[in-house]
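Please open the model in a viewer and keep the selection panel at hand. The tour below proceeds by selections, each followed by a description of what is found there.

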Amino acid sequence: MAPSGSRSIKRGCQRVLYWIPVLFIALIVAWSYYAYVLQLCIESIENTGEKVVYLLAYHVIFIMFVWAYWQTIFTRPMNPLKEFHLSHSDKELLEREDRGESQQEILRRIAKDLPIYTRTNSGAIRFCDRCQLLKPDRCHHCSVCDKCILKMDHHCPWVNNCVGFSNYKFFMLFLAYSLLYCLFITATDLQYFIKFWLAGGRAHFRLKEYLNGLPDTQAKFHILFLFFSSSMFSVSLASLFIYHCWLVCKNRSTLEAVRAPVFRHGTDKNGFSLGFSKNFRQVFGDEVKYWPVPVFSSSGDGCSFPTCLVNLDPEQPSSPSGSNPASKAAAEGRQFPSKPLRESQSRLLSSTPSWSESDGAADKDKKGASNPGMTIENEA
């Protein structure tokens, strides 16, 4: 009992510590609200029209920023469906086998009816010993959450949550609105910051002659520090937001950008890329009205993803005539293979995709003599 109790106490302390970065962000945001609304707009700006415009625009951005941040923090990451978990009999069978190859045969048999097409670097079935499940494509085990997360991007300490399929859109909106929030404060605070900065360098600190409306040193301190903090956060947020925009355009997660996914035909960094438009809609959905709003609208189920067919799958059986059915399907312009997709995923494959970023596009055009167009591999 003692070891179990000590582990529980340790786990509870870790949970508290994990919330410290979130608390820090919350305090910074609360202070920025006080400094901007009360000290700058209400106390320092004398022009009523300018004050009203600033306050209205600020509160719209502030509400969207807080909403997106809240959704990113408190949206629970999605875990693999029960179909990917081993049954009790399969667990016993796997435990009885000592050799790795025998265990792989069991896992391959279980994975045969599941939409799993990625492998480990050695070509083995991706299996999680901790969760006792076969990992769906783009799923990874988070050591902090101690569970497998669908389409895991990374574990973010600033939101104390895993960023994955269920909340990646919210994370992108959080980055966008937080950047817009900082840029708006920097732009509207700039003129008052300049007045304070110039006045502060004058001899004898004759501030009243230059400040024209900055009433006391408390307001001046908030205006100065507000500009510095918002401009510094803008630089860091801009770099992070641009990087994740690039990931969305390429349909990659942070983990996949570091290590390209391995398919049955080999490593392919562009294996999940369907072109810019479809990559974007896979994260933000088909309804344009929902794109800027922190509500879930991503396409798919998180367990299976359509992929582009860059190379032929060596595990596909040969046809009686000796030709690969994948080649025949490509020549006939069919989608391959014919496993069902959800409606939102099917829409991603309904129109002709853009293959500009696919490394194997040129090779496929040369191979497909009967049909020079590309073929989409429906791997879900």
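At which residues does UniProt place the feature "transmembrane region"? The unreviewed entry gives residues 16-36, 52-70, 170-194 and 221-243. The coordinates on display are those of a predicted model.

**Two annotated spans**

Select residues 52-70. This span is 100% helix and 0% strand, and 27 Å separates its end C-alpha atoms. Next, select residues 170-194. Here, too, the chain is 100% helix and 0% strand; the C-alpha atoms at the two ends lie 35 Å apart.

**The largest pocket**

Select Arg15, Tyr18, Val144, Cys145 and Asp146, and centre the view on them. The largest pocket holds about 620 Å³ of space. Its lining comprises 19 residues, and the five just selected are the closest to its centre. Now colour helix H1 (2-18) and helix H3 (48-74), the elements that give two or more residues to this lining. H1 contributes the most, with 4 residues. If the lining of the largest pocket is coloured by class, 7 residues appear as nonpolar, 7 as polar and 5 as charged.

**The second largest pocket**

Move to Ile25, Phe174, Ser178, Phe233 and Leu237. These residues lie nearest the centre of the second largest pocket, which has 25 lining residues. Several elements give two or more residues to that lining: helix H2 (20-42), H3, strand E6 (154-156), helix H6 (168-200) and helix H8 (217-250). The volume of the second largest pocket is about 460 Å³. How many charged residues does the lining of the second largest pocket have? There are no charged residues in this lining; 19 are nonpolar and 6 are polar. H3 is thus worth keeping in view, as an element listed for the largest pocket and also for the second largest pocket.

**The cavities**

Finally, turn to the enclosed spaces. The structure contains 4 cavities of 30 Å³ or more, and the largest cavity has a volume of about 40 Å³. Which residues line the largest cavity? Select Lys151, Asp153, Gly164, Phe165, Tyr168, Arg252 and Ser253 to display the lining. By class, the lining of the largest cavity consists of 2 nonpolar, 2 polar and 3 charged residues.

Key
Residues are numbered from 1 along each chain as its sequence is written. This is a predicted model: local features need pLDDT of at least 70, side-chain atom pairs count only at pLDDT 80 or more; totals for chains, interfaces and linings use all residues. Side-chain values use heavy atoms; hydrogens and water are left out. On a 1 Å grid over the protein atoms alone, a cavity is a set of points where a 1.4 Å probe fits but cannot get out, and a pocket is an open set with protein on both sides within 12 Å along at least five of seven lines; lining residues have an atom within 4 Å of a point. Grid points are joined across faces, edges and corners, and a volume is the space filled by probe spheres set on the points. Ala, Val, Leu, Ile, Met, Phe, Trp, Tyr, Cys and Pro count as nonpolar, Asp, Glu, Lys and Arg as charged, and the others, Gly among them, as polar. UniProt positions are given in the numbering used here, feature names are shortened, and annotations may be inferred rather than shown by experiment.
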